[in-house]
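The following note is offered as a colleague's reading of the coordinates, set out in numbered points. Please consult it alongside the sequence and the model.

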Amino acid sequence: MIEAHAIVKRFGRVLAVDRVSFTVPARSVCGFLGPNGAGKSTSIRMVVGAMAPDEGEVLVGGRRMEPGAEAVRRAVGYLPEESPVTPDLTVEEFVRFRAELWGVPRAARGAAVDRALSRCNVSDVRRRLCGQLSKGYRQRVGMAAAIVHAPAVLVLDEPTSGLDPAQVRDFRALVRSLAEESTVLLSSHVLAEVEASCDRAVLIDRGRVVADGSMADLRARGASGAVVVVECARDAAAALASIDGVRVAAASAGADGWCVHELALEPSVDADRACEAVARALGAAGISLRRLERTEPALESVFHRLIAGAGARP
Ligand SMILES: Nc1ncnc2c1ncn2[C@@H]1O[C@H](COP(=O)(O)OP(=O)(O)O)[C@@H](O)[C@H]1O
Ligand SMILES: [Mg+2]
């Protein structure tokens, strides 16, 4: 339902999104998981057509998404990271305005607004000003506005950040009920959020996809080990950085001065081929190698390392 093909976005010299590709099958809830600054919001803006990629393309329902493609954009409901409500409109006015914006015919607008307000449990505040609502209510109103045109795809950027635990629980239930009729892409920097709400996840770090699959796949992949440990005579980050699909996830110096590097492999990279490439790269750089092995980290630790950003760089 959603296909991102090698999308790229640069802000000046910052490469925010670096050839990100993923697909979200129809009627699934897909998590987009990564630490702050990973490139989630930027990728999402390209998915919803709010921003054009510098390279690559996004297809929604097989049609190319881009800022001018209104018909394609209408297939998508989008709840941005920043609360989208207009403070001086009432809830009902705001949601009605969005219905109009997304092309709901005038005659159908009243019913569409009623339905969206009721699904998101905000009918009771329909005459209140958006600016006076609590964060939890604002988020629900933003969601009502995102679904008022009954989009086939719903894209939510960090939808529960800033909510209290009871609001998080309610919001997750709402997402699950909406997922029965649409395809959902939900970003978060919190593993628990994705585990609670999603069938699949794309893990993104520093603008790149580092893993992608069903939650079960990801667990299996974590267990089968897409991490390689390299111990060599000195810091080899520069030599290792030249290998495609391989990233130095952690580096540390041992007591005897040798360096241990932990390499994260992109999902497409075969670990044996990566090991061969590592050996060649170190050989070419004249760095002695004393250990080169695949490890089998638990998925949890992969997630947590990514999310905490701990030891990410030497
Ligand atoms: N409008 C912008 N101008 C310049 N840099 C930006 C802009 N938006 C995002 N970035 C940078 O792009 C990177 C990814 O940001 P973002 O997509 O917001 O990450 P996330 O949503 O995962 O926290 C960050 O380094 C951020 O500082
Ligand atoms: Mg963000």
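Is Ala236 buried or exposed? The answer is given in the first point, after a remark on the kind of model.

1. The structure is a predicted model. Ala236 counts as buried, because its relative accessibility is 1%, which falls under the 20% limit for that class. The residue sits in the loop between β11 (227-232) and α9 (237-241). Its C-alpha lies 7.4 Å from that of Leu282, although 46 residues separate Ala236 and Leu282 in sequence.

2. As to overall dimensions, the protein has 314 residues, and 50% of them are buried. The secondary structure consists of 11 helices and 14 strands. Taken along the principal axes, the C-alpha atoms fill a box of roughly 75 × 40 × 35 Å.

3. The metal site deserves attention. Ser41, through OG, and Glu81, through OE, coordinate the magnesium ion (ligand 2) at 2.0 to 2.6 Å. This pair links distant parts of the chain, 40 residues apart: Ser41 belongs to helix α1 (residues 40-47), while Glu81 lies in the loop between β6 (76-79) and α3 (91-101). Water is not among the atoms, so the site may look incomplete.

4. The two coordinating residues fall into separate accessibility classes. Ser41 is buried, because its relative accessibility is 13%. Glu81, with a relative accessible area of 29%, is partly exposed.

5. Ligand 1 has a shell formed by Phe11, Val14, Ala16, Pro35, Asn36, Gly37, Ala38, Gly39, Lys40, Ser41 and Thr42. Ser41 therefore appears both in this shell and among the donors to the magnesium ion. By class, the shell comprises 5 nonpolar, 5 polar and 1 charged residues. Both β2 (14-24) and α1 supply at least two of its residues, and the largest share, 3 residues, comes from α1.

6. Three contacts with oxygen atoms of ligand 1 may be examined in turn. A polar side-chain atom of Thr42 is 2.6 Å from an oxygen atom of the ligand. For Lys40, a polar side-chain atom is 2.8 Å from a ligand oxygen. Gly39 contributes a backbone N or O atom, at 3.0 Å from an oxygen atom of ligand 1. Of the 560 Å² that ligand 1 exposes when taken alone, the protein buries 61%.

7. Helix α1 merits its own point. It is mostly covered, with 7 of its 8 residues buried. Those buried residues are Lys40, Ser41, Thr42, Ser43, Ile44, Met46 and Val47. After α1 comes Gly49, which has a positive phi near 80°.

8. Which cysteine sulfur is the nearest to that of Cys30? A search of the whole structure finds 0 disulfides. For Cys30, the nearest cysteine sulfur is that of Cys198, 6.7 Å away, and Cys30 is in no disulfide. Cys30 counts as buried, because its relative accessibility is 1%.

9. Why is Cys130 without a bond to Cys120? The sulfur of Cys120 is the closest cysteine sulfur to that of Cys130, yet the separation is 13 Å, which is too far for a bond. A disulfide requires the two sulfur atoms to lie within 2.5 Å. Cys130 is itself buried, with a relative accessible area of 0%.

Technical notes: Residues numbered from 1 in each chain as written. Chains lettered and ligands numbered in written order. Predicted model: local features only at pLDDT ≥ 70, side-chain atom pairs only at ≥ 80, totals over all residues. Heavy atoms only, no water. Donors = N, O, S within 2.8 Å, 3.2 Å for Na, K, Ca; no water. Helix = DSSP H or I, 4+ residues; strand = E, 2+ residues; numbered from the N terminus. Buried < 20%, exposed > 50% of the residue type's maximum accessible area, 1.4 Å probe, protein only. Near = heavy atom within 4 Å. Polar contact = N/O pair within 3.5 Å; in protein donor to acceptor, adjacent residues only side chain to side chain. Areas by Shrake-Rupley, 256 points an atom, 1.4 Å probe, with all protein chains shown as cover. Nonpolar A, V, L, I, M, F, W, Y, C, P; charged D, E, K, R; others polar.
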